[in-house]
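Me: I am new to this structure and would like to understand the words used to describe it. Could you take me through the reasoning behind each term?

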Amino acid sequence: MSWSCAHISCIRFSCEGVLLKANVMKRALSLLPHLPRMRLYCSGFRSFSSNLATSICKQIKYSGPISVAQYMKEVLTTPHAGYYVHKDMLGRQGDFITSPELNQMFGELIAIWFINEWSALGSPKSFRFVELGPGRGSLADDILKQFKHFEKIFKDVDMSFHFVEISRRLSNIQYETLCDENLMDYLDEDNLEYYLQGSAKRNNVPLHWHRHIENVPRDKFTFYLAHEFFDALPVHKFVKSSKGWRELYVDVTPESNDELSLVQLQEETVASKTLIRNHETRSHVEVCPEGRTIISSIAKQIEKNGGAGLIIDYGHTGEKEDTLRSFKDHKLNDIFDNIGDADLTADVDFRFLLDNIESIDIQKSGPITQKEFLTNMGIELRLMILLQHCKDSAEKKKLTDSYKIMMDEKEMGERFKVLALSSKTRQTDSPITGFFSLTQNS
Ligand SMILES: C[S@@+](CC[C@H](N)C(=O)[O-])C[C@H]1O[C@@H](n2cnc3c(N)ncnc32)[C@H](O)[C@@H]1O
């Protein structure tokens with residue numbers, strides 16, 4: 001039996017048959033005393049020194065294997081030790097780079113999108129702007145800068161910005177990017193809907209930081225932005241076997257000293273019974289229940305109180321199979337290596353997100369590729385203008401290089417997709433901004 005995981009070159013393959021029951025019996029304190037499973041990919045972690053790796057391993061030894069979703073959740077968001085919680089991973093010194101960190105054009109065009117949609121939706125006099133997973137705060141900063149340029153049209157508008165951020169470390173950085181840092185004051189987050197508040201240094205817009213989307217008040221027109229957020233949410237992994245869909249779990253390789261590997265459970269789990277859609281044709285599927293909860297929450301709020309949203313992430317429309325991977329220092333990393341110190345990410349299944357909001361009565365456009373979206377938003381014209389203002393050829397090269405990364409089909413241009421949501425109260429017949437070609441309509 002062999003499993004293909006060709007595109008994750010750093011995951012080694014091994015198939016060692018069904019685990020011995022005796023090994024399972026060793027787990028005296030096991031909460032899942034006997035989950036028959038088949039070992040699939042074996043992949044040791046060399047940096048086992050991290051406390052997080054030690055605690056995951058101990059947990060598995062005592063309680064039995066954990067789902068891939070549980071593993072991702074612990075690696076990424078365990079308080080104090082999780083990857084997103086303790087690390088500043090963005091930028092050239094970090095593990096990966098995002099479009100807003102590359103150049104200002106991305107944030108500027110996103111801001112223009114929201115200004116256009118605000119106008120198309122009747123220019124409401126009061127709104128919230130919610131960004132999920134703001135990273136270093138660069139995207140919000142570029143958007144606030146643009147909103148400042150349009151301050152005449154926003155003169156009597158009451159707006160506030162809300163960040164859904166799990167990481168205190170990143171919220172510190174976001175605060176420093178966006179506010180006057182001397183005034184930082186963390187609040188008792190257990191008792192309040194937000195744990196940090198401030199005021200944008202650019203235009204005094206009130207800013208609030210929340211741990212969960214549910215903590216953001218839901219009583220008025222709201223804009224949503226999620227860029228590279230959904231891909232950080234935990235996925236369950238399933239493979240189709242002769243007996244039906246079976247879930248992959250993370251286990252400690254029995255004959256090794258603390259090596260982790262993926263195993264295929266022989267019995268069904270609640271997840272394998274409930275998360276696979278009817279007529280699924282793939283043989284390996286990743287499903288993100290937290291993504292479903294969040295997209296539903298956004299769509300329902302837009303339906304009820306009005307609003308619009310942009311979801312931008314690398315993803316697909318239900319055709320990709322095994323996409324879970326890890327990055328460290330801009331290189332692929334074994335998913336079981338450098339635990340808590342390397343990113344874990346899975347491509348967003350936009351088909352799954354859309355299927356889950358099918359019955360919600362809002363307008364949906366896309367997903368289209370980032371290249372199409374930015375082209376429709378006029379990135380080429382913006383690039384030309386910025387190039388004219390570059391002070392030397394080095395600055396020009398930096399700008400054109402970063403433009404290529406965002407637009408190139410082999411880089412972010414094709415892999416990133418853009419999905420837009422909007423309430424049906426649009427006061428124009430034209431499609432949602434960015435989802436039609438400017439040249440075709442002129
Ligand atoms: C890849 S970064 C995105 C960075 C940013 N949007 C950008 O474009 O540069 C993911 C962001 O989501 C946050 N995040 C990850 N999982 C989260 C969760 N479950 N709840 C809230 N924030 C989360 C991270 O701390 C980080 O700010």
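Reply: Let us begin with a pair of helices in this predicted model: H2 passes H3 in a right-handed crossing.

Me: What makes H2 roughly antiparallel to H3?

Reply: The axes of helix H2, residues 51-63, and helix H3, residues 68-77, come within 10 Å and cross at roughly 150 degrees. Angles over 145 degrees count as roughly antiparallel, and therefore H2 is described as roughly antiparallel to H3.

Me: Why are H6 and H13 called oblique to each other?

Reply: Helix H6 covers residues 104-120 and helix H13 covers residues 379-388, and the two pack at an angle of about 130 degrees with their axes 11 Å apart. An angle has to be over 145 degrees to count as roughly antiparallel, while 65 to 115 degrees counts as roughly perpendicular; the angle of about 130 degrees fits neither description, and so H6 and H13 are oblique to each other. As for its hand, H6 passes H13 in a right-handed crossing.

Me: What makes H6 oblique to H7?

Reply: The axes of H6 and helix H7, which spans residues 138-149, come within 8 Å and cross at roughly 55 degrees. Roughly parallel requires an angle under 35 degrees and roughly perpendicular one of 65 to 115 degrees, so H6 is oblique to H7. The crossing of H6 and H7 is right-handed.

Me: Turning to the ligand, how do you know that the side chains of Thr98, Glu165 and His227 make polar contacts with it?

Reply: A polar contact calls for a pair of N or O atoms within 3.5 Å. An N or O atom in the side chain of Thr98 is 2.7 Å from an oxygen atom of the ligand, and a polar side-chain atom lies 2.5 Å from a ligand oxygen atom in Glu165 and likewise in His227, so each of these pairs meets the cut-off. The protein also covers 96% of the 590 Å² of accessible area that the ligand has on its own.

Me: Which kinds of residue form the shell around the ligand?

Reply: The ligand is surrounded by 19 residues, with Thr98, Gly133, Gly135, Glu165 and His227 the closest, and the shell divides into 10 nonpolar, 5 polar and 4 charged residues.

Me: Where does the cis peptide bond lie?

Reply: The cis peptide bond joins Gly366 and Pro367, with omega at about 5 degrees, and Pro367 lies in strand S17, residues 363-369.

How values were computed: Residues numbered from 1 in each chain as written. Predicted model: local features only at pLDDT ≥ 70, side-chain atom pairs only at ≥ 80, totals over all residues. Heavy atoms only, no water. Near = heavy atom within 4 Å. Polar contact = N/O pair within 3.5 Å; in protein donor to acceptor, adjacent residues only side chain to side chain. Areas by Shrake-Rupley, 256 points an atom, 1.4 Å probe, with all protein chains shown as cover. Nonpolar A, V, L, I, M, F, W, Y, C, P; charged D, E, K, R; others polar. Axes fitted to C-alpha atoms, helices over the stretch in contact; angles between N-to-C directions. Helix = DSSP H or I, 4+ residues; strand = E, 2+ residues; numbered from the N terminus. Left-handed = near helix turned anticlockwise from the far one by under 90°.
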